[in-house]
Amino acid sequence: MPSREQLAEQTDPASTVLLTVECQQGVVGPGSALPELAKEARSSGALHNVARLVAAAHEAGVQVLHAVAERRPDGRGANRNARLFRAAGRLPVQQHSGTTAVRIAEPIEVADEDLVVRRLHGLSPIAGTDVDALLRNLGCRTLVVTGVSANVAIPNAVFDAVNLGYTAVVLSDAIAGVPADYTPAMIRNTLALVATVATTDDLLGCWLSGRRRGADDGATTGARKRG
């Protein structure tokens with residue numbers, strides 16, 4: 001785990017983007033196509049922590065980007081070159097563009113300033129999408145990765161971020177996968193080798209204390225001027 005000072009430096013709101021991965025109704029919502037994953041995301045507290053992080057990011061001025069996986073009803077452009085894609089095509093709930101399945105799931109609140117990037121193919125929320133260009137235009141240096149799943153999309157996002165030159169931060173209690181014990185194993189044996197690993201409370205402490213310091217400094221300056 002990084003020190004508080006190291007994490008605060010890495011996650012400066014001016015150069016950090018919070019990425020939520022596949023936190024959509026058809027994946028982690030009550031009517032999920034993947035009920036086991038949805039149950040784990042909720043029972044573990046991961047989805048709740050993502051919502052806490054999004055709310056704190058809005059307050060601290062951190063850009064939020066939601067990565068959504070979807071497909072056209074006719075399947076055009078979608079991958080068929082792996083078991084995962086073929087199995088997804090047979091699920092009773094489909095992540096079709098424009099349906100409730102691809103809306104961001106509660107309790108996450110989407111603000112007007114949030115960006116939503118939708119992909120029709122592949123496994124990664126970054127590769128082959130607009131995410132890299134958007135991050136560079138935003139001046140992003142650190143990408144905080146949250147959401148699902150620790151099995152596939154999360155490691156894809158982390159590897160892609162690192163390969164593209166970003167510092168990746170993974171919050172161990174704001175990602176989920178199945179089975180439940182797979183997520184800590186993935187973090188310990190793989191993600192910790194390439195990303196900074198912290199907790200939701202660690203990061204909230206950095207962002208919200210920074211906001212408090214700014215408010216206190218402003219109040220002190222105002223008092224001096226009045227004096």
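# A guided tour of the chain

Start with the whole chain in view: among its contacts between residues at least 6 apart in sequence, 81% join residues at least 24 apart. Keep in mind as you go that this is a predicted model.

**Stop 1: the overall view.** Switch to a cartoon display and you can pick out 9 helices and 6 strands. Now turn the model around: the C-alpha trace spans about 70 × 35 × 35 Å along its principal axes. How does the radius of gyration sit beside that of a compact globule? For 227 residues such a globule would come near 17 Å, and the chain has 18 Å, so the two agree.

**Stop 2: the surface.** Turn on the surface, which comes to about 11300 Å² of accessible area. Carbon and sulfur atoms account for 50% of it. Next, colour by charge: there are 23 positive and 23 negative side chains, and the centres of these two sets lie 4 Å apart. Then hide the surface again to look inside, where buried residues make up 45% of the 227.

**Stop 3: the largest nonpolar core.** In soluble globular proteins, nonpolar side chains tend to be buried together. Select Leu-18, Val-28, Leu-53, Ile-108, Val-148, Leu-171 and Trp-207 and show their side chains: of the 34 residues in the largest nonpolar core, these touch the most other members. Several elements give two or more residues to this core, among them helix H2 (25-28), helix H3 (35-43), strand S4 (142-148) and helix H9 (200-226). Which element provides the largest share? That is H4, with 9 residues; you will find this helix at 46-60.

Stay here a moment and centre on Ile-108. Leaving aside residues up to four places away in sequence, Ile-108 touches Cys-23, Leu-47, Val-50, Ala-51, Val-54 and His-66. Apart from the largest core lies another one, of 27 residues; to find it, select Val-17, Ile-126, Leu-143 and Leu-191, which are among its members.

**Stop 4: some backbone details.** Most residues other than glycine have a negative phi, and most peptide bonds are trans. Three places here are worth a look with that in mind.

- Select Glu-106 and Pro-107: the peptide bond from Glu-106 to Pro-107 is cis, with omega near 10°. Pro-107 belongs to the loop between H5 and S3.
- Move on to Val-178 and Pro-179, where the peptide bond is again cis, with omega near -5°. The loop holding Pro-179 runs between S5 and helix H8 (182-189).
- Finally, pick Glu-22, which is not a glycine yet has a positive phi of about 55°. Look for Glu-22 in the loop between strand S1 (16-21) and H2. Is Glu-22 buried or exposed? With a relative accessible area of 13%, Glu-22 is buried, because buried means under 20%.

**Stop 5: two loop residues.** Select Thr-99 in the loop between helix H5 (83-88) and strand S3 (115-119). Its relative accessibility is 30%, so Thr-99 counts as partly exposed. Now measure from C-alpha to C-alpha in your viewer: Thr-99 and Glu-70 are 29 residues apart in sequence and 9.5 Å apart in space.

For the last selection, go to Ser-44, in the loop between H3 and H4. Ser-44 has 39% relative accessibility and therefore counts as partly exposed. Add Val-152 to the selection: Ser-44 and Val-152 are 108 residues apart in sequence, and their C-alpha atoms are 18 Å apart in space.

Conventions
Residues numbered from 1 in each chain as written. Predicted model: local features only at pLDDT ≥ 70, side-chain atom pairs only at ≥ 80, totals over all residues. Heavy atoms only, no water. Helix = DSSP H or I, 4+ residues; strand = E, 2+ residues; numbered from the N terminus. Rg over C-alpha atoms; globule rule 2.2 N^0.38 Å. Buried < 20%, exposed > 50% of the residue type's maximum accessible area, 1.4 Å probe, protein only. Contact = heavy atoms within 4.5 Å. Areas by Shrake-Rupley, 256 points an atom, 1.4 Å probe, with all protein chains shown as cover. Lys, Arg positive; Asp, Glu negative; His and termini not counted. Charge placed at Lys NZ, Arg CZ, Asp CG, Glu CD. Core = buried A, V, L, I, M, F, W, Y, C linked by side-chain atoms within 4.5 Å.
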